[in-house]
Protein chains: 2
Amino acid sequence: MLLYPGVTLLDLIGPHTVLASNCKVHVVWKNTDLLETDSGIVMKATSTLEECSNNLDVLFVPGGEFSIMRDDEVLRFLADRGSRARYVTSVCGGSIVLGAAGLLQGYEATSHWTALDKLSLFGATPVEARVVRDRNRISGGGVTAGIDFGLVLLAELLGEDVAKMTQLMLEYDPASPFDAGTPAKAGPEIMAKMQQTLGSMDDVLAPMCAAAARDIGQYLPVTN
Amino acid sequence: MLLYPGVTLLDLIGPHTVLASNCKVHVVWKNTDLLETDSGIVMKATSTLEECSNNLDVLFVPGGEFSIMRDDEVLRFLADRGSRARYVTSVCGGSIVLGAAGLLQGYEATSHWTALDKLSLFGATPVEARVVRDRNRISGGGVTAGIDFGLVLLAELLGEDVAKMTQLMLEYDPASPFDAGTPAKAGPEIMAKMQQTLGSMDDVLAPMCAAAARDIGQYLPVTN
């Protein structure tokens, strides 16, 4: 699981919690220095990109600060490990990062609703769903989708019974006080307020994705 | 929000994520040294118990390593801040810790299903529900209930629209691949396997809670 400065912590901790009681999970970054996550909480990787096993069962990327999609060292790491991992996975904006590393070309995938349309820039087919699986690519929607994603992945790795026991232990029986978890369900009034808060986010995201998409050739496997 | 060694990280990060984009959240512990959470991820508090404001809008305790309920310094801190906080709150095993600090006497509350019955030792009335509110006490069930709890609390603090916008931004539209999030829903087969895994957890928890309940008088406010 990739960690990075500005990561959306719940994108990481949702699936991490689902998986960690049953699997050996490494949280990796360039170094093991302290770094700040989206909400100010400081933590650190358990090992470095360099130390990370060459052959992973699962490669996972959470969302967060979008500039990570322009980080050459990270993209090379993802492209390399992703070329051999049994499962190449992401939640939220992490799908965009996988896209920038050339790992979603020709695959269906999902992402946070604010970023979903950007997947097509990377040759992926955006699908509006909580969890999307296409061959060995598994992606989750925004932030909290990481818990559903984690259960899907855990069932795939260790079987349905282990996934159900984990769901029970995490008491995952959601009962939100509101039903506003998607743009359609939130409705036009909340969406209008949301757009005001988001402001010009897309003015930054769209050109960054376009630039990343132009550079994607560097990360694609060489085929003769 | 209390942090401590062995905390269940998702108990903390669920509500933290819901609240932190709208509120000033402090994550507090005895010191700001690195400490290890339940799943091996290392992090640190943003400030110390001593630095923590005397008058809090919200006091929150997540679950985790149960020995925290026998930590005198922590219980004194909770009893003190809880006596003045606008809201005294918890998720999962955190309710037991509030109980040990004398903060749930005469209140309805909930907790993780493995610990729920222990609340009565502390003079609380256990309620099997996702989120329980009784006057200014708000508690959530196990682990993932922290997200629902967070939305209930955020609506209380800043209104329904802010809570709905946050739900939308976190894309909280749960769609679990299984429906096994409570003992009743998981069914007898999964529960039997679960009990095997849990083993003698209650043999440790029950006497620890009983001892904590016997000492509760130290933390109760002195009334004449």
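The structure holds 0 disulfides over all chains; the model examined here is a predicted one. Individual cysteines of chain B illustrate this absence. B:Cys23 takes part in no disulfide, and the nearest cysteine sulfur, that of B:Cys52, lies 15 Å away. A disulfide requires two cysteine sulfur atoms within 2.5 Å. B:Cys23 is partly exposed, its relative accessible area being 22%. For B:Cys92, the closest cysteine sulfur belongs to B:Cys209 at a distance of 13 Å, which is too far for a bond. B:Cys92 is buried, with a relative accessible area of 7%.

The arrangement of the two chains was examined next. Chain B is superposed on chain A by a rotation of 180° with 0.0 Å of shift along the axis, giving an RMSD of 0.0 Å. This is the relation of a two-fold axis. Within chain B, the C-alpha nearest the axis is that of B:Met43, at 2.1 Å from it. Of the interface residues of chain B, 100% are also interface residues in chain A, and the copies therefore meet through the same surface.

A contact between helices of the two chains was also identified. The axes of helix H6 of chain A (residues 183-198) and helix H5 of chain B (residues 160-169) come within 9 Å and cross at roughly 95°. H6(A) is therefore roughly perpendicular to H5(B), as angles of 65 to 115 degrees are classed in this way. Residues of H6(A) that make the contact include A:Pro183, A:Ile190, A:Met194 and A:Leu198, while those of H5(B) include B:Asp161, B:Lys164 and B:Leu168. By class, the contact of H6(A) with H5(B) comprises 9 nonpolar, 1 polar and 3 charged residues.

Technical notes:
Residues numbered from 1 in each chain as written. Chains lettered and ligands numbered in written order. Predicted model: local features only at pLDDT ≥ 70, side-chain atom pairs only at ≥ 80, totals over all residues. Heavy atoms only, no water. Axes fitted to C-alpha atoms, helices over the stretch in contact; angles between N-to-C directions. Helix = DSSP H or I, 4+ residues; strand = E, 2+ residues; numbered from the N terminus. Parallel < 35°, antiparallel > 145°, perpendicular 65-115°, else oblique. Contact = heavy atoms within 4.5 Å. Nonpolar A, V, L, I, M, F, W, Y, C, P; charged D, E, K, R; others polar. Least-squares fit on C-alpha atoms with pLDDT ≥ 70 in both. Buried < 20%, exposed > 50% of the residue type's maximum accessible area, 1.4 Å probe, protein only.
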